[in-house]
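Subject: Structure handover

Dear colleague,

Please find below the structure I am handing over to you, with its sequence. My notes on what was found in it follow directly after.

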Amino acid sequence: MNLVSNYGTLPLSYTDEGNLLLLDQRKLPYKTEYFDATFFENVCIAIKDMIVRGAPSIGCVAAFGLAMEAIRLAEKHKQKEDFLLALDEACLVLQATRPTAVNLMNATNVIKDKAHFLATKNTKEIADQLMLEAKRYMQESIDVNKKLSDYGVELVPQNASILTHCNAGSIAACGWGTALGVMRSAQMAGKNIQAFVGETRPRQQGARLTMWELNQDEIPATLICDTMTGHFMKAKSIDMIVVGADRICANGDTANKIGTYNLAVLAKHHNIPFYVAAPLSTFDPDLESGDLIPIELRDQSEVTHIADLDNQVSVTIENAKAHNPAFDVTPASLIHAFITEAGILRPPFKDSIATLGLARALLDKPVV
Ligand code: MRU
């Protein structure tokens, strides 16, 4: 199995035999292993356990998961009403696996809504169409990421040192990447860049995954602990910060991996531009502000221990109490711009995000 493409390493493969195989992101960079997510229960496990992670990749895997479930449900239910009811239930089960990344809700709603839209066809025909829709959704994700990354190039100065957090590369964004996509596109456009990568405790997506992807792209990268970011900003080692996002509200408040908010506050203090790169599928215009974003709480063992492949190594006393919110919310006032496939969105974000309703229909045209 080889998931390397012109758009970076992809997080999934849907095979001709109808199997869904996922690159096991828990094991990188130590081992390249694939997880069989052909059965619906395994799709849910894969998202919950972060075998696949990163908002757009979660969305794409969920879209395939629901389409594959539709194929099974079509065998079981010839009556359309029963089929649609069962599909709606499966959609809700998938949506409950991780609450913060809105791409999961958007992707599964695309599949579910299509099923209801096609209700004049028989259940098998509907299921076949849903699989085509999942494939289209994934291809769109790749195209969109490339497009937004290319828009981001204008924000990158020559000889830039760019700090990023967590992993917003091809394996997280399902093709090319968002924050890492901007770096990729900038390097391809001839800009001389280097990356600073925060390790991203507790799951170390920066140390394990971003360092791995940047190495594949031959973008020079320096790993730092999350606690060192203020030091390097003060020392003027960082020219700009680019991160991904899991949910962006109508006012521009943005949920991303825990620790992003710290970076944005430090960036403001040190007068460093702070950018968020994300596709339109990460926007949630129905949510007025960041206070309303559901923040996923994960098991405290991720904080009390460090995972080392199959081992859990304790970093504290036995039975230590710990908290583990997986995301934080960066207020819009700390964000310089959003890099999207519809162009660069600048403040006031309430207005620029409101224009996205129009931009969705006219994606070939930048909104600014
Ligand atoms: O918990 P994770 O690893 O799924 O969190 C991922 C992030 O926070 C990413 O920055 C975000 O999803 C953007 S991925 C292009």
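The chain averages a pLDDT of 95, where pLDDT is the predictor's confidence in each residue on a scale from 0 to 100, and 97% of the residues score at least 70. Over residues 358–368, however, the pLDDT is below 50, although this stretch has 19 contacts in the model (heavy atoms within 4.5 Å) beyond near neighbours in sequence. This is a predicted model, in which local features need pLDDT of at least 70 and side-chain atom pairs count only at pLDDT 80 or more, while totals for chains, interfaces and linings use all residues. Residues are numbered from 1 along each chain as its sequence is written, and side-chain values use heavy atoms, with hydrogens and water left out.

The ligand site

There are 19 residues around the ligand (a heavy atom within 4 Å of it), and of these Arg53, Arg98, Asp246, Asn256 and Lys257 come nearest. Polar contacts (pairs of N or O atoms within 3.5 Å) are found for three of these side chains: an N or O atom of Arg98 is 2.8 Å from an oxygen atom of the ligand, a polar atom of Asn256 is 2.7 Å from a ligand oxygen, and for Lys257 the distance to an oxygen atom of the ligand is 2.8 Å. Taken alone, the ligand exposes 420 Å² (Shrake-Rupley method, 1.4 Å probe), and the protein buries 99% of that.

Two or more residues of the shell around the ligand come from each of helix H2 (55–76), helix H6 (170–173) and strand S11 (254–257), where helices (H or I, at least four residues) and strands (E, at least two) are DSSP runs numbered from the N terminus.

Backbone geometry

Most residues other than glycine have a negative phi, and most peptide bonds are trans. Against that background, the peptide bond from Leu28 to Pro29 is cis, with omega near 5°, and Pro29 lies in the loop between strand S4 (20–23) and strand S5 (34–36). A cis peptide bond also joins Arg201 and Pro202, with omega about 10°, and Pro202 is placed in the loop between strand S7 (193–198) and helix H8 (205–216).

Asn159, which is not a glycine, has a positive phi of about 60° and lies in the loop between helix H5 (123–152) and strand S6 (160–164). Asn271 likewise has a positive phi of about 60°, in the loop between helix H10 (260–269) and strand S12 (274–277).

Best regards

How values were computed
Polar contact = N/O pair within 3.5 Å; in protein donor to acceptor, adjacent residues only side chain to side chain.
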